[in-house]
Amino acid sequence: MASNVNPTVRRRRLGQELRRLRELKGMTAEEVAERLLVSQSKISRLENGRRSISQRDVRDLCGVYEVEDQRVVESLMQMAKDSRQQGWWHSFGDIPYSVYIGLETDAASLRVYDPQVVPGLLQTRAYAQALIRGALPETAPADIDKRVQVRMRRQERISAAENPLRLWTVLDEAALRRVVGGRAVMREQLEHLVEQSQLPHVTVQVIPFEMGAHPGLNGQYAILEFPDAADSSVVYIEGVTSDLYLEKANDVRKYSVLYEHLRAQALNVEQSRQFIADMAKSYAS
């Protein structure tokens, strides 16, 4: 059904198939761009799923690649049609990180490291509101409210009765000590974190300050994995003006190894839960 189609994932799958057809033809993206009188960057964006693709684009590319099986062409054109449908997040208007939301919505598991704040999927409404207001001081109240609503909607992946998102979070102690929204907000947030950590599909670990230098000092990142083997894992790194998506196997492998080191150096699950609970009590004083 159209309502179940994730346009972001459809674009990725379509882009992967178009890249495969190009490589089978032995052509470079530059050669294809010259044939179609478009920029090489357009071909690259179509292949990495970052740009909407029309049925006309698919038809033209299939022509360049000399795809003779009409069933293949029709299948790719249907994927292009599906990829232009809107996901639930489009109803909130222009969301800067909509590509990420599309990926997160379809992911089977998510591994997150954050050195500064509690990850969005585990934030309370009050914490999220205070965080967004502080991080984006020139944002209008209406836009802050919209971002908070989107964040709360994203959390439905955690509470879903069927196939909930498998979430593994490693936090630096700094994220627990940064007082966002005041002490009462922080206490509520940390108590919520303890509660969520007890879900069977949610794991939370903490790296305390006393651990010293560790592999997460380079900054925040997330690793998304998908239920369909055809969808490659993605490393997501959030930026101020643009985000970075890494999909090459070697890049994903390097970040996955770093994450394993982070998990090994962090407090175990029970120790982390007690650490967070104790800190929540400290905010009551």
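Against which helices do the buried residues of H8 pack? In this predicted model, they pack against helix H6 (98–106), helix H7 (125–135) and helix H9 (156–159), and the legends below begin with an overview before returning to that helix.

**Figure 1. Overview of the predicted protein chain, with its 13 helices and six strands.** The C-alpha atoms of the protein chain fill a box of roughly 70 × 40 × 35 Å, taken along the principal axes. Of the 285 residues in the protein chain, 47% are buried. Among the contacts with a separation of 6 or more, 74% are accounted for by residues 24 or more positions apart.

**Figure 2. Close-up of helix H8 (residues 141–154) and the helices against which its buried residues pack.** The 14 residues of helix H8 should span 20 Å at 1.5 Å a residue, and this agrees with the model, in which the end C-alpha atoms are 20 Å apart. The buried residues of H8 are Ile-144, Arg-147, Val-148, Val-150, Arg-151, Met-152 and Arg-154, a list in which arginine appears beside residues such as valine and methionine. Their packing partners are helix H6, helix H7 and helix H9.

**Figure 3. The open sheet of six strands, in the order E3-E2-E1-E4-E5-E6.** The pairing within this sheet is mixed. Strand E3 (202–207) and strand E6 (244–246) stand at the edges and have a single partner strand each, so one side of each is left without a neighbour in the sheet. On average, and with direction ignored, neighbouring strands of this sheet are turned by 15° against each other.

**Figure 4. Strand E1 (residues 109–114) and the two strands, E2 and E4, with which E1 pairs.** Strand E1 is mostly covered, since six of its six residues are buried. Ser-109, Arg-111 and Tyr-113 point one way from E1, whereas Leu-110, Val-112 and Asp-114 point the other way, and all are buried. With strand E2 (residues 166–172), E1 pairs in the parallel sense over six bridges, and within that pairing the bridge partner of Tyr-113 is Val-170 in E2. With strand E4 (residues 221–225), E1 pairs in the antiparallel sense over five bridges, and here the bridge partner of Arg-111 is Ile-223 in E4.

**Figure 5. Edge strand E3, its pairing with E2, and the surroundings of Thr-203.** E2 and E3 run parallel and are joined by six bridges, with Asp-172 standing opposite Ile-207 in E3. Is Thr-203, a residue of strand E3, buried or exposed? At 9% relative accessibility, Thr-203 counts as buried. Not counting residues up to four places away in sequence, Thr-203 touches Arg-166, Leu-167, Trp-168, Thr-169 and Val-269.

**Figure 6. Packing of helix H11 (residues 183–196) against helix H13 (residues 269–282).** The two helices pack at an angle of about 160°, with their axes 8 Å apart, and H11 and H13 are therefore roughly antiparallel to each other. The crossing in which H11 passes H13 is left-handed. From H11, the contact is made by Arg-183, Arg-187, Leu-190, Glu-191, Leu-193 and Val-194, while H13 contributes Arg-273, Ile-276, Ala-277, Met-279, Ala-280 and Ser-282.

**Figure 7. Leu-37 and Glu-66, two loop residues with positive phi.** Leu-37 lies in the loop between helix H2 (29–36) and helix H3 (40–47), and its phi is near 60°, a positive value in a residue other than glycine. The relative accessible area of Leu-37 is 76%, and this residue is exposed. Glu-66 lies in the loop between helix H4 (55–64) and helix H5 (70–83), and the phi of Glu-66 is near 55°, again a positive value in a residue other than glycine. At 54% relative accessibility, Glu-66 counts as exposed.

**Figure 8. Glu-17 in helix H1 (residues 7–25), shown with Ala-33.** At 22% relative accessibility, Glu-17 counts as partly exposed. Glu-17 and Ala-33 are 16 residues apart in sequence, and their C-alpha atoms are 17 Å apart in space.

Key: Residues numbered from 1 in each chain as written. Predicted model: local features only at pLDDT ≥ 70, side-chain atom pairs only at ≥ 80, totals over all residues. Heavy atoms only, no water. Helix = DSSP H or I, 4+ residues; strand = E, 2+ residues; numbered from the N terminus. Expected span 1.5 Å × (residues − 1). Buried < 20%, exposed > 50% of the residue type's maximum accessible area, 1.4 Å probe, protein only. Contact = heavy atoms within 4.5 Å. Pairing = 2+ DSSP bridges. Axes fitted to C-alpha atoms, helices over the stretch in contact; angles between N-to-C directions. Parallel < 35°, antiparallel > 145°, perpendicular 65-115°, else oblique. Left-handed = near helix turned anticlockwise from the far one by under 90°.
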